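I opened a fresh page for this chain and went looking for a few things that a quick scroll might miss. Here is where I put the structure, with my notes below.

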Amino acid sequence: MLNGEEGYAAQKSMQILVALGESFGAENMVPVSSCHLPGASFKLLGEAGLMFVKEMGAKGGKVRVFTTTNPTSCDCDCSTCDRLAIDGQFIHAQAEVTQAYQNLGVVTCGSCSPYLIGNAPRFGQHAAWGESSAVVYANSVLGARTNREGGPSALAAAITGRTPNYGMHLGKNRAGNLLIHVPEPLHGIEAYGTLGYAVGRISKTAIPVFEGIPTSVSFDELKSLGSALATSGATALFHVVGVTPEAPDREHALNGKKPEMEIYYDKQMRMNAIEHLTLTEKTDDIDWLYIGCPQCSLQEVRYVAELLRGQKVADNVDFWICTSTPIKELAAQMGYVQAIEEAGAILVCQTCPAHAPHESICRTRRYQSLTTDSAKMAHYAAGEVSMPVHYGSTEAVVRAAIAKRWEA
């Protein structure tokens, strides 16, 4: 491939991977079982990135392994785009990006949680994934092996079926070194998101080992934990003793070594994380509510539907529940979509505020604040979106949507 014997696209991709591998001291390449591409949003990809993807397809490029895409800039449902006031030119540009990836054989699902809809590498398999929350879930909960790839390197791995063997691909780099004691049971998306955000601020690139989390912890709660860890820190892997596949006990999680640091997750640590997530100008305005960062599973959609059933979202309030198109279709079959829409909320697919043109959406819809149960989205709203944040449990978000008043 590097010599050009399999065409331009494969050669260009291998050049990218060789340069990446050399910069990190990789000794060889390893085959990957799947890829997930972070550069699927026109807002983030831009014209230059779009031209690169188009060129790879025009020069005969095709992905060699199952490959999915991250959220895009807009929902493919035209009525949803109209409601969210997304410009027609932007929609056209996003359609070009999606088509360019489809020409390469990519499954353009537009999801930050591809493991919920079929892209789930097995324990020990190598992968090349972008999107921080997906990477930490793949490494930690699935036990697969992937680094945190950028758009070009993830696409190059998909076209070649290879990735440089360094970082999280090497067993010696996967041992935990930071022990977190969780003394009390936690419950819910917000509780685990707060834990992850608090620990991520301390751990940075360290690999946390959580002790005290019950075996009954749900996949959605682990999803929330990992996404928050990767938001406030830069870790790509965590272990939960007795829960995640590489941590049957503390000794295995730490690879027989003593932790470099031990932390007790207490009330003060929790409150500091919540304060940091809402450290913006306070407001009583409730106009934009968001659940689904990372995108909701079917179980999460079902729970929101149950909370909303028979209720009504307040006037002049937009309540987004974000998920993937396959999950929405299943939810529609189960009657969850009907319950949500009858309440006045909206299921948004294939996008999120971080990937959509949120500046124009907020300006057109006149949003003054964002209310969410996601630590990751609260972080982005306070920073990138630059608006006051209400952060709390899923139940509190739904109550606020109905009462148009925030009560944590």
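My entries below go from the sheet to a lysine, then to a helix and a pocket.

**Entry 1: the sheet.** I kept in mind that this is a predicted model. I began with the strand order, and I found an open sheet of 5 strands that runs β12-β11-β10-β13-β14, with parallel pairing. The edges are held by β12 (346-349) and β14 (389-391); each has a single partner strand, so one side of each is left without a neighbour in the sheet. From one strand to the next, I noted a twist that averages 25 degrees.

I then looked at one pairing by itself. β10 and β13 come together in the parallel sense over 2 bridges. Here I found Leu289 opposite Thr371 in β13.

**Entry 2: a lysine.** Is Lys376 buried or exposed? I had to look this one up: its relative accessibility is 6%, and because buried means under 20%, Lys376 counts as buried. The residue sits in helix α15, which spans residues 375-382.

Next I asked which side chain Lys376 meets in a polar contact of 2.8 Å. The partner is the side chain of Glu131. I also listed the contacts of Lys376 beyond its neighbours within four places in sequence: Glu131, Ser132, Ser133, Ser227, Thr231 and Cys293.

**Entry 3: helix α16.** I went through residues 394-403, which make up α16, and marked Thr394, Ala396, Val397, Val398, Ala400 and Ala401 as buried. I set beside this a reminder that an α-helix has 3.6 residues a turn, so residues three or four places apart point the same way.

What covers the buried residues of α16? My list includes α7 (189-203), α11 (298-308) and three strands, β10 (288-296), β11 (318-323) and β13 (370-372). Just after the helix I came to Lys404, which has a positive phi, near 55 degrees.

**Entry 4: the largest pocket.** I saved the pocket for last. The largest pocket holds about 540 Å³ of space. I counted 24 residues in its lining, and those nearest its centre are Ile189, Ser218, Asp220, Glu221 and Glu300. Two or more lining residues come from each of α5 (132-142), α7, α8 (219-232), β10, α11 and α16.

Which element gives the most to this lining? I found that α11 does, with 4 residues. I closed the page by noting that α16, β10, α7 and α11 had turned up here after appearing in my entry on the buried residues of α16.

Technical notes:
Residues numbered from 1 in each chain as written. Predicted model: local features only at pLDDT ≥ 70, side-chain atom pairs only at ≥ 80, totals over all residues. Heavy atoms only, no water. Buried < 20%, exposed > 50% of the residue type's maximum accessible area, 1.4 Å probe, protein only. Contact = heavy atoms within 4.5 Å. Polar contact = N/O pair within 3.5 Å; in protein donor to acceptor, adjacent residues only side chain to side chain. Pairing = 2+ DSSP bridges. Axes fitted to C-alpha atoms, helices over the stretch in contact; angles between N-to-C directions. 1 Å grid on protein atoms, 1.4 Å probe; cavity = no way out; pocket = protein on both sides within 12 Å on 5 of 7 lines; lining within 4 Å. Points joined across faces, edges and corners; volume = space filled by probe spheres on them.
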